[in-house]
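Trainee: I've got a structure to read and no idea where to start. Could you walk me through it?

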Amino acid sequence: MIPAAPMKALREIESMKINGSSRLLTADWVLPVSGPPIEDAAVLISDHIDWVGKLSDLPANVRQTLAKRTNSYGHALITPGLINLHAHLDYSHLHGVDCNSALFTWMRNLLKNSSSWSPEDFAASALYGAKKAAEAGTTFIVDSSFTGNSAQALAETGLRAIVGLELFGSSEVHADSIWQQWLSKYEKLNEVNKARARGLITLTVAPHAPYTVAPALWRQAKNWCAKNNLKLTAHIAESSQEYEWIKAGNTELDEYLAFVRSLYAAGSQSLKDYDYLKDVRDTSWRARGGSPVTHLADSDLLDKNTLAVHLVHASTDDLGILQKAGATVAHCPRSNSRLRNGRARIENFVSASLPFAFGTDSLASVDDLDLRAEIRAALLIHRAANPDFQFTDDDALKACTLTAARILDRQHEVGTLEPEKKADICIFSLERATRNPVSALFHESATVQDVFVNGVQIVRNGVASRI
Ligand SMILES: [Zn+2]
């Protein structure tokens, strides 16, 4: 008698169409995330996933048919591609530009070092970062880009992405005209993007932060995302300076904002003697009381499309407000630590049922674009600060795949290895056999070997190439 599970597998195999683009991937372990790890397993792919199971459940004639189109990885893990919820690929060539300063000194250095870059400089920087992300096992990335150059870099690398074109503007009076300028930039970029990205890249808006975007302008972005069913990604409650600035004012942030406004007005004779500091201190929503989150909530700027990046300085009440609004969080612990912004209380995110997953932030503030390194750091930071907090390797794997896909409303197409989903897959090779495949992914010398997006191989033997 044939057991029930193999019977089901056989029926699935009989019904599947093996075509010219079919490829069989085999390894010691498949980590589907939708279920427990499968040993001695295989994944059959075309542009999507056709079948996942134990290799021994595939009939001999199917294996024979696919013999020349089988990648046998041996000691390796096959996982869903990893999903990075926050980066700035534009700034990748600023890797190591300032590894010691706190946020606002670091941002001054970032701007000083990139303000003279040409569009070609930004494009080369973004392409470098996109390749590094792919080579770290990422298949889907949410990027914030001032120039829009990252969309082209991502298309050339073959990654799936949501690119938020950054939005800045502190004038309530000029919010409409700033928004119109942003929209025309978006429309031009979107035309080009539609033609080149093969449906892999979605452009949206990224209001920079509560201290750089006027509520009237943020509202335009929020309403536009709601109308177009798009995510809105924004830095929220990243630093204590931001928290204080919204609540009661903060001198360091005043001075930083005055510096930025003068930097972008440089060369304008009429503004030579302009008092930028006074301009900043006159900002209508500065020192309004409350936190960055209550500021956004009171201005009706939060909804289910909001992807809040960082969220370090947020009370349990703030987390409740975000959860009620349907918002989600990108957690970037290495960037928060290096830039001295503190520790986001992810144990409170869990208690508040506020969905979160991981982002690396940019190469200007972290050592690499490797989500597994981000997670290793997170496990150490949070366990050191709160020994009672339970967050395991299994939780981490789910966060950077299925949970991240859910946060982006893409769980129907990516985030697990299940039939019908897109073939966004990563293969990590191991130095030896393991009995603990999920822990091996994070804590042993697992290295990225191959990466597929939509069944197209974008990384081969650890190296990304242009598609
Ligand atoms: Zn950022």
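Mentor: Sure. Keep in mind that this is a predicted model. Let's begin with domains: the chain splits into domain 1, made of 4–81 + 415–464, and domain 2, which covers 82–407.

Trainee: How many residues from each domain take part in the contact?

Mentor: Domain 1 puts in 22 residues and domain 2 puts in 27. On the domain 1 side, β14 (425–429), α17 (437–443), β15 (447–453), β16 (456–460) and β17 (463–464) each give at least two residues. The largest share there is from α17, with 4 residues. Sort that side of domain 1 by class and you get 16 nonpolar, 5 polar and 1 charged residues. As for the domain centres, their C-alpha positions are 34 Å apart.

Trainee: Okay, now zoom out. How many helices and strands does the chain have?

Mentor: There are 17 helices and 17 strands. The radius of gyration is 23 Å, close to the 23 Å that the globule rule gives for 467 residues, so the chain is as compact as a globular protein of that length. You can also picture a box around the C-alpha atoms: along the principal axes, it is roughly 85 × 50 × 40 Å.

Trainee: And what share of the residues is buried?

Mentor: Here we count neighbours: a residue is buried if 20 or more other C-beta atoms lie within 10 Å of its own. By that count, 50% of the 467 residues are buried. Contacts are worth a look too: of those with a separation of 6 or more, 72% link residues 24 or more positions apart.

Trainee: Can we try a helix? Why is α5 described as largely enclosed?

Mentor: Because 8 of the 9 residues of α5 (residues 149–157) are buried, the helix is largely enclosed by the rest of the structure. Among the buried ones are Asn149, Gln152 and Leu154. Just after α5 comes Gly158, with a positive phi near 85°.

Trainee: Which helices do the buried residues of α8 pack against?

Mentor: They pack against α3 (103–114), α9 (251–264) and α11 (292–298). The buried residues of α8 (residues 240–247) are Gln241, Glu242, Tyr243, Trp245 and Ile246. This helix is followed by Gly249, which has a positive phi near 100°.

Trainee: What about a residue in a loop? Which residues does Pro210 touch?

Mentor: Leaving out residues up to four places away in sequence, Pro210 touches Ile236, Glu242, Ile246, Pro292, His295 and Leu296. Glu242 and Ile246 also appear among the buried residues of α8. Pro210 sits in the loop between β9 (201–207) and α7 (215–228), and it counts as buried because it has 26 C-beta neighbours inside 10 Å. Its C-alpha atom is 11 Å from that of Ser299, although the two are 89 residues apart along the chain.

Trainee: Back to phi for a moment. Where does Val33 lie?

Mentor: Val33 is in the loop between β1 (23–30) and β2 (38–45). Its phi is positive, about 70°, although Val33 is not a glycine. Asp40 also isn't a glycine and has a positive phi, about 45°, but Asp40 belongs to strand β2.

Trainee: Is Val33 buried or exposed? And is Asp40 buried or exposed?

Mentor: Val33 has 22 C-beta neighbours inside 10 Å, so it counts as buried. Asp40 has 12, so it counts as exposed.

Definitions and conventions. Residues numbered from 1 in each chain as written. Predicted model: local features only at pLDDT ≥ 70, side-chain atom pairs only at ≥ 80, totals over all residues. Rg over C-alpha atoms; globule rule 2.2 N^0.38 Å. Contact = placed C-beta atoms within 7 Å. Domains from an automatic or database assignment. Nonpolar A, V, L, I, M, F, W, Y, C, P; charged D, E, K, R; others polar.
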